[in-house]
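Me: Please take a close look at a single strand of this model and at what surrounds it. One connected account will do.

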Amino acid sequence: MLDVSFSLNPETDTALVGPNGAGKSTLVQALLGILPRQAGEVRLLGAPLSPQGQLPPAIRAQVAYLPQQLPISGRFPLTVAEFVGLGWEPSGLRLPWAGRRGRQAAVRQALARTSCSDLASRLVSALSTGQWKRVLLAFCVVRPRRLLVLDEAQAGLDPQAAEQFQSLLFDLRRSEGWAVLQISHDLDMVRRTCDRVICLNRSLRCVGSPDHALSPPQLERLYGRGYVLYHHHHHGAPASATPPQP
Amino acid sequence: MIPAPLSPPGDWLELLRLPFMQRALLAGLLSGGLGGLLGSVAVLRQLSFFSDALGHSALLGISLGLVLGVEPNLVLIPFAVLFALVVAQLVERSRLPSDALLNIVYSSSLATAVLVLRLAAGRGGSLEQLLFGDILAVSNRDVLVEGVLLVAVLLYLLLTRRSQILVSLDPGLAISQGVAVPWQRLLFVVVLAVVVALSIKAVGVLLVSAFVVIPACAARLLAPDFNRYVLLASGLGAGCGVVGLLLSGLFNLPSGPCVVILQLLVFLGALLLSSRGSWRPSA
């Protein structure tokens, strides 16, 4: 990946778009320290991220990540409430019952915010894809954060759940000052809800407002000449784009 | 082999009063509990085959100690830890599937150990004893070490519960939550190696992985949440350790295999219960 440089501001929702194989997930994982970084510099909330992915614990606790996929094989004996509680607990050595009441209250609130209260005692391995996505979001919002990174978070959500998801993201930005960076293929959603768009295809192609970054010339530059737009019937507007077919 | 007839009850009580039997029962309780405790995480991390490879490597460590004229117990733990670290790196960096790699490792460890033991013939215990263990031969010191290890492992898992679960679920998510995943993985593998190495004397090389895997698998089928999963795995392990030993004494059968057969029956029972939904998490 070459020549990628950008910054995020509080209270903004920035979309990262591009075709499959553009390096979006790779970039995000390198930003979070999940993948080692070979070159360049990353600063999260003012703190430098080491090439091995280390951040001060106090900074790391303010960053949340919702991965693209998190498959669970077999029966995993962990309830939704237990899992969301792990998002509340700080990193480091700690006895499980420390801060129990605070954790339980925070978990109840997070589950209510993400409409997952009825799933509290379900095993995480027994959830549908959409339910699991909502629970992962509850995991992210169970404690106050400043940066939320989402990798195709709304894939697999029905339209109502997707709207609730977007509503929650808006609330997190405006009421609590979170910065959101989300990878998405849904250009309609990006156009409607995001403040800024970063276009990536192995290198940075464009950064700007949705109107600018998703204009036909920019889309052509990003996806290639002859790109195809697929329309969502319920929105009546271009939804996603793909490169031209061979 | 036809088991000896049941002894009269008076003999059983007399048996239970014997110090070696009391030590064996305590060792069975502690080994079983320890195996279930650690196995609860090992099974989630899909390290079942890894614990098998560790068991086989312990035989190689013992045989090398015998040939070199060093007390085998002094060689065993460092060897097991070193072996675990090397194999863990091999599995992580190799392009081959881990089950194939571990198969190569444990079968060649076993073969090498048998050959090396031929060189050390007469200098150590019998091969059968090493393969199947002899829990009746544990000393007070062995029981004390197992007890201390159980407390240490319990404390380790309690203090790192969050990290253990996150690493088992998804290493990427764990890193994003501040877990030092490479170090956590290495540390777990070292702890597993130490527990396996110290359990060899009582349980034997071939069956030690059963102590780690089977109770945890049974618990995984039944437990409604994580805390009860770990408790159940440890409880089933400890219970099978004690009851299996008693049964082996009753019927004059080898103790290690008796415990493992009982663990298998418990697992089959758990399989039946889970398929009938007798202890399902609430929907």
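Reply: Strand β1 (residues 13-17) of chain A pairs with strand β6 (residues 179-183) of chain A in the parallel sense, over four bridges. Strands here, and helices likewise, are DSSP runs numbered from the N terminus (E, at least two residues, for strands; H or I, at least four residues, for helices), and two strands pair if DSSP finds at least two bridges between them. The model is a predicted one, in which local features need pLDDT of at least 70 and side-chain atom pairs count only at pLDDT 80 or more, while totals for chains, interfaces and linings use all residues. Residues are numbered from 1 along each chain as its sequence is written, and chains are lettered from A and ligands numbered from 1 in the order in which they are written.

Within the pairing with β6(A), A:T14 stands opposite A:L181. β1(A) is also joined to strand β7 (residues 196-200) of chain A, again by four bridges and in parallel; there A:A15 has A:V197 as its bridge partner.

These strands belong to an open sheet of six, in the order β4-β5-β6-β1-β7-β8 (chain A), with mixed pairing. Its edge strands, each pairing on one side only, are β4 and β8 (204-208) of chain A. Neighbouring strands in the sheet are turned by 15 degrees against each other on average, direction ignored; axes are lines fitted to C-alpha atoms, for helices over the stretch in contact, and angles run from 0 to 180 degrees between N-to-C directions.

In a regular strand the side chains alternate between the two faces of the sheet. In β1(A), A:D13, A:A15 and A:V17 point one way, A:T14 and A:L16 the other. Five of the five residues of β1(A) are buried, that is, 20 or more other C-beta atoms, placed from the backbone, lie within 10 Å of their own (12 or fewer would be exposed, in between partly exposed).

A:I183, in strand β6 of chain A, counts as buried because it has 22 C-beta neighbours inside 10 Å. Its C-alpha atom is separated by 5.7 Å from that of A:A15, 168 residues apart along the chain. Beyond its neighbours within four places in sequence, A:I183 is in contact with residues including A:L16, A:K24, A:S25 and A:V28; contact requires C-beta atoms, placed from the backbone, within 7 Å.

Helix α1(A) lies across β1, β4, β5 (147-151), β6 and β7 of chain A, and runs at about 150 degrees to β5(A).

Conventions. Contact = placed C-beta atoms within 7 Å.
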